[in-house]
Structure formats: structure tokens, C-alpha cells
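Student: I've got a protein model on my screen and I'm not sure how to read it. Can you walk me through a few features?

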Amino acid sequence: QVQFVESGGGSVQPGGSLRLSCVASGSLFSHYNMGWYRQAPGKQRELVAVITSGGNRNYADSAKGRFTISRDNDKNTVYLQMNSLKPEDTAVYYCHTALGLSGHYTTGSWGQGTQVSVSS
């Protein structure tokens, strides 16, 4: 089973930037579609961005123009560059394998996530 370790979260002011990283286990990373998801207190987990094994990308409307997802298959790592952060971006961010550009996540366990807090 694939395991995920997220990092890079923190506390920033509105308008700030963060770069999240997620390392996945195993030797098949390059074949996986990978997504970033987030869960705010009292809310359901939602898709932020997804990148397919072929490099195609899709973003939630809330992330378009501000966030960029990328991957480094040699490092088994997927990144999320977040710019122009807003208080409503505050959440725990997770990565996971995805079914495709729809961003629906596959079954399997989740990592511990990384907390992003945006406030003045």
C-alpha cells in the first residue's frame, strides 16, 4: 500500500506563499495520478489540484491562478506551490493517489497531512 508523507505547511499572512511537498512510497510513483486535497474544520475533504501520470493538471476553482501542482518522479514527490494565500485556504492538506483528472481519490490510507494557516 502506498504511503504518503506531507510537509511544508505553516502559518502565513494573507497574500503569502507556501510550497507543500509529498513523498510517496513504492516504485510505481511515475504511474500514479496524484492529487492534493484539503480539509478545513467542520468541512469535508475536497480536491485542490490533481496531476496525472502524463502531466496533465486540473484545479479546483478556488485554486486556479494561485496554486500550481507539479511532480518529480525521480524523487517520488508531488508539490503544491501556493501563492496569494487567503484565510479560506486554512486547512490540513493531504496528498493521495487519484483516479484521474476528476480528482476522485483512490482507496487506501492517508498520511498525517500538513497544516496551513492563513491569518493576519
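Tutor: Let's take the disulfide, a buried serine and the strands in turn. This is a predicted model, where local features need pLDDT of at least 70 and side-chain atom pairs count only at pLDDT 80 or more, while totals for chains, interfaces and linings use all residues. Residues are numbered from 1 along each chain as its sequence is written, and side-chain values use heavy atoms, leaving out hydrogens and water.

Student: How many disulfides does the structure hold?

Tutor: A disulfide is a pair of cysteine sulfur atoms within 2.5 Å. Here there's one, joining C22 to C95 with an S to S distance of 1.7 Å. The pair links distant parts of the chain, 73 residues apart: C22 is in strand 3 (residues 18–24) and C95 in strand 9 (residues 91–98). Strands are DSSP runs of E, at least two residues, numbered from the N terminus.

Student: Is S21 buried or exposed?

Tutor: Buried means under 20% relative accessible area, exposed over 50%, partly exposed in between (1.4 Å probe, protein chains only). S21 has 18%, so it counts as buried. C22 and C95 are buried too.

Student: Which way do the side chains of strand 10 point?

Tutor: In a regular strand, side chains alternate between the two faces of the sheet. In strand 10 (residues 114–118), T114, V116 and V118 point to one face and are buried, while Q115 and S117 point to the other and are not.

Student: In what sense do strand 9 and strand 10 pair?

Tutor: Two strands pair if DSSP finds at least two bridges between them. Strand 9 and strand 10 are antiparallel, with three bridges.

Conventions: Helices (H or I, at least four residues) and strands (E, at least two) are DSSP runs, numbered from the N terminus.
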